[in-house]
Each structure stands twice: as C-alpha cells, then as structure tokens.
Amino acid sequence: MPAPRKYPDELRERAVREVCATGRPIAYVAKDLGIHKEALRGWVRQAEADAGERDDRLTTAEREGLRQLRGKKRS
C-alpha cells in the first residue's frame, strides 16, 4: 500500500499550472505555496511527460499499466 500523499491533488495541480503559465522559477513558486521545491520539480516533470514534452519519463498512464501488469504477475 502506498504512503499517503502529503499534498492534496488540488494544490499539486495549482502549483504545476502556475509554474507552466507564469514561467516563474520552481523554487519561487514552491516557496510562495509552502511546498518543497523538489516535490514541485517532480510534479512539473511528470506533467511535462504526460503532455508529451519529455521522453525521459514514463507517463502516468504507462506507470499505471506497469503497476497492473506487475500485480497480475504476482497473482
């Protein structure tokens, strides 16, 4: 069972949207919102992968697919 999320999904979405829309540095946005800058950096990278802007990470859908395949393999 995964650990509970420290930050609500709404805050994650808002923070990523602000970084992408304003172009402000991640560290500044994180400080304004009270988020650890490395957490926000990971969220932005994941959002970029989901949008097809990065090819060095799996998308959220691909991660979920792998998780399901691994679950079937264990059964």
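**Notes on the predicted model**

1. Starting at the surface: Leu 58, Leu 66 and Leu 69 make up a nonpolar patch, and together they have about 250 Å² of accessible area. Keep in mind that this is a predicted model.

2. One member of that patch, Leu 69, sits in helix α4, which covers residues 60–74. Its relative accessible area is 54%, so Leu 69 counts as exposed, the cut-off for that being over 50%.

3. Now for a residue on the other side of the cut-offs. Gln 46 belongs to helix α3 and has a relative accessible area of 15%, so it is buried; the limit here is under 20%. Leaving out residues up to four places away in sequence, Gln 46 touches Arg 57, Leu 58, Thr 59, Thr 60 and Arg 63. Leu 58 turns up again here, having already appeared in the nonpolar patch.

4. Next, the helix packing. α1 (residues 9–22) packs with α3 at an angle of about 75 degrees, and their axes are 10 Å apart. The two helices are therefore roughly perpendicular to each other, as angles of 65 to 115 degrees count that way. On the α1 side, Arg 12, Ala 15, Val 16 and Val 19 make the contact, while α3 brings in Leu 40, Trp 43, Val 44 and Ala 47.

5. Last, a loop residue. His 36 lies between α2 (26–33) and α3 (37–50). Setting aside neighbours within four places in sequence, His 36 is in contact with Tyr 7 and Ala 30. If you want a C-alpha distance to check, His 36 and Ile 26 are 10 residues apart along the chain and 9.7 Å apart in space.

Note on methods
Residues are numbered from 1 along each chain as its sequence is written. This is a predicted model: local features need pLDDT of at least 70, side-chain atom pairs count only at pLDDT 80 or more; totals for chains, interfaces and linings use all residues. Side-chain values use heavy atoms; hydrogens and water are left out. Helices (H or I, at least four residues) and strands (E, at least two) are DSSP runs, numbered from the N terminus. Contact means heavy atoms within 4.5 Å. Patches are made of residues with over 30% relative accessible area and no salt bridge: like charges are joined within 9 Å, nonpolar side chains (Val, Leu, Ile, Met, Phe, Trp, Tyr) within 5 Å. Accessible areas come from the Shrake-Rupley method with a 1.4 Å probe; for residues, only the protein chains shown count as cover. A salt bridge is a side-chain nitrogen of Lys or Arg within 4 Å of a carboxyl oxygen of Asp or Glu. Buried means under 20% relative accessible area, exposed over 50%, partly exposed in between (1.4 Å probe, protein chains only). Axes are lines fitted to C-alpha atoms, for helices over the stretch in contact, and angles run from 0 to 180 degrees between N-to-C directions. Angles under 35 degrees count as roughly parallel, over 145 as roughly antiparallel, 65 to 115 as roughly perpendicular and the rest as oblique.
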